[in-house]
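Open the model in your viewer and keep the selection tool at hand. The stops below are short, and each begins with something to select.

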Amino acid sequence: MRLAATCQRFWQTGGVLAKAQVKPAAAEKKGGEIVVNAYREKGWKILKRVIAIGFIVAIWQVLPSTGVIDPRSLPAFSAVIQGLLELILSGELLTHALASFQRSLMGFFVAVSLAIPLGIFMGWFKRVEKIVDPLMQICRNTATLALYPVFILVFGLGEVSKIGIIFWGSIWPILINTIEGVKTVDPLLVKAARSMAMSRLGLFIHVILPAAVPSILTGLRISATRSLIILVAAEMLGASAGLGFLIFDAQHKYQPEKMYAGILVLMMLGMSVNYLIVTLESYLTRWKGTAETA
């Protein structure tokens with residue numbers, strides 16, 4: 001009887017151990033399947049985007065080539081790529097791109113340098129925001145390009161007027177989103193930080209600023225796009241270099257291939273800036289995923 005009971009306990013223990021060994025293997029297999037499915041889903045999303053872009057490019061190539069659309073108004077995609085290669089090989093594209101990048105970067109950098117500190121200050125001190133808000137709304141709702149003649153009149157046709165109009169058009173989305181980001185910080189977080197006797201500087205660094213980062217980066221994305229749009233318009237008047245000047249000059253010289261090549265470069269530049277800021281946002285707000293998981 002003792003032997004039978006011992007054998008029974010042995011087999012029961014062995015069964016438990018076997019199950020314990022099977023569970024990690026099953027969990028590991030399930031985890032591997034989740035990773036594979038995630039990569040598969042991501043690859044499928046990329047493939048769908050590539051197919052969509054390829055479909056548009058194919059239509060662009062076919063319609064002018066078959067005469068459905070006049071090639072003098074819309075050249076075939078292959079002709080535009082050929083014009084783009086000519087601009088690259090001649091060095092003309094690099095010259096214009098550097099001039100545009102310098103203007104856009106300077107105006108955008110000045111806007112960011114002023115808008116973020118000012119937005120944090122106005123968002124934290126709500127009385128100041130209420131006093132300044134009417135003037136701010138008037139300024140931001142005034143068409144930016146309508147003010148360009150004023151900038152030219154005050155600063156002349158040089159670089160200052162172009163950088164100034166880019167700054168004017170870029171500052172408002174950053175400022176408004178920064179104010180909203182600070183105003184909408186969860187009051188419970190602020191109360192919890194103050195209950196732990198956190199200093200004002202610590203409250204700002206560890207609570208207010210991280211919570212406002214997503215809203216600030218949204219403003220940066222909007223402003224980066226606006227700065228490129230305003231840049232092109234500014235370079236079409238009183239400029240001798242820049243992507244806007246390149247497009248306008250090619251249109252005047254009736255070189256549609258170069259004109260569309262310049263537009264393509266601007267599109268790619270805008271997409272690159274947008275994805276760069278999105279990547280920065282995902283890195284700076286990685287704590288959100290941890291908080292949601294917790």
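Begin with I222. This residue is partly exposed, because its relative accessible area of 39% falls between the 20% limit for buried and the 50% limit for exposed. The model is a predicted one. I222 belongs to helix α8. Now add S170 to the selection and draw a distance between the two C-alpha atoms: I222 and S170 are 52 residues apart along the chain, and their C-alpha atoms are separated by 8.1 Å.

**The whole chain**

Zoom out and colour by secondary structure. The protein chain has eleven helices and zero strands, so every element you pass from the N terminus on is an α element. Of the 294 residues in the chain, 31% are buried.

**The largest pocket**

Next select L105, F108, A224, V273 and I277. Among the 15 residues that line the largest pocket, these five lie nearest its centre. Three elements each give two or more residues to the lining: α3 (92-124), α8 (200-235) and α10 (256-284). Which of the elements gives the most to this lining? Select α3, which contributes six residues. The space in the largest pocket comes to about 320 Å³. Colour the lining by residue class to see twelve nonpolar residues, three polar residues and no charged ones.

**A nonpolar patch on the surface**

Switch to a surface display and select V150, L153, V154, F155 and V160. Together these residues form a nonpolar patch with about 520 Å² of accessible area. Helix α5, residues 148-155, gives the most to the patch, with four residues. V160 sits in helix α6, which covers residues 159-183.

**A loop residue with positive phi**

For the last stop, select Y254. Where in the chain is Y254 placed? The residue is in the loop between α9 (243-252) and α10. Show the backbone here: phi of Y254 is near 55 degrees, a positive value in a residue other than glycine. Is Y254 buried or exposed? Y254 counts as exposed, because its relative accessibility is 55% and the cut-off for exposed is over 50%.

To compare the two single residues of this tour, select both: I222 in helix α8 is partly exposed, whereas Y254 in the loop between α9 and α10 is exposed.

Definitions and conventions
Residues are numbered from 1 along each chain as its sequence is written. This is a predicted model: local features need pLDDT of at least 70, side-chain atom pairs count only at pLDDT 80 or more; totals for chains, interfaces and linings use all residues. Side-chain values use heavy atoms; hydrogens and water are left out. On a 1 Å grid over the protein atoms alone, a cavity is a set of points where a 1.4 Å probe fits but cannot get out, and a pocket is an open set with protein on both sides within 12 Å along at least five of seven lines; lining residues have an atom within 4 Å of a point. Grid points are joined across faces, edges and corners, and a volume is the space filled by probe spheres set on the points. Ala, Val, Leu, Ile, Met, Phe, Trp, Tyr, Cys and Pro count as nonpolar, Asp, Glu, Lys and Arg as charged, and the others, Gly among them, as polar. Patches are made of residues with over 30% relative accessible area and no salt bridge: like charges are joined within 9 Å, nonpolar side chains (Val, Leu, Ile, Met, Phe, Trp, Tyr) within 5 Å. Accessible areas come from the Shrake-Rupley method with a 1.4 Å probe; for residues, only the protein chains shown count as cover. A salt bridge is a side-chain nitrogen of Lys or Arg within 4 Å of a carboxyl oxygen of Asp or Glu. Buried means under 20% relative accessible area, exposed over 50%, partly exposed in between (1.4 Å probe, protein chains only).
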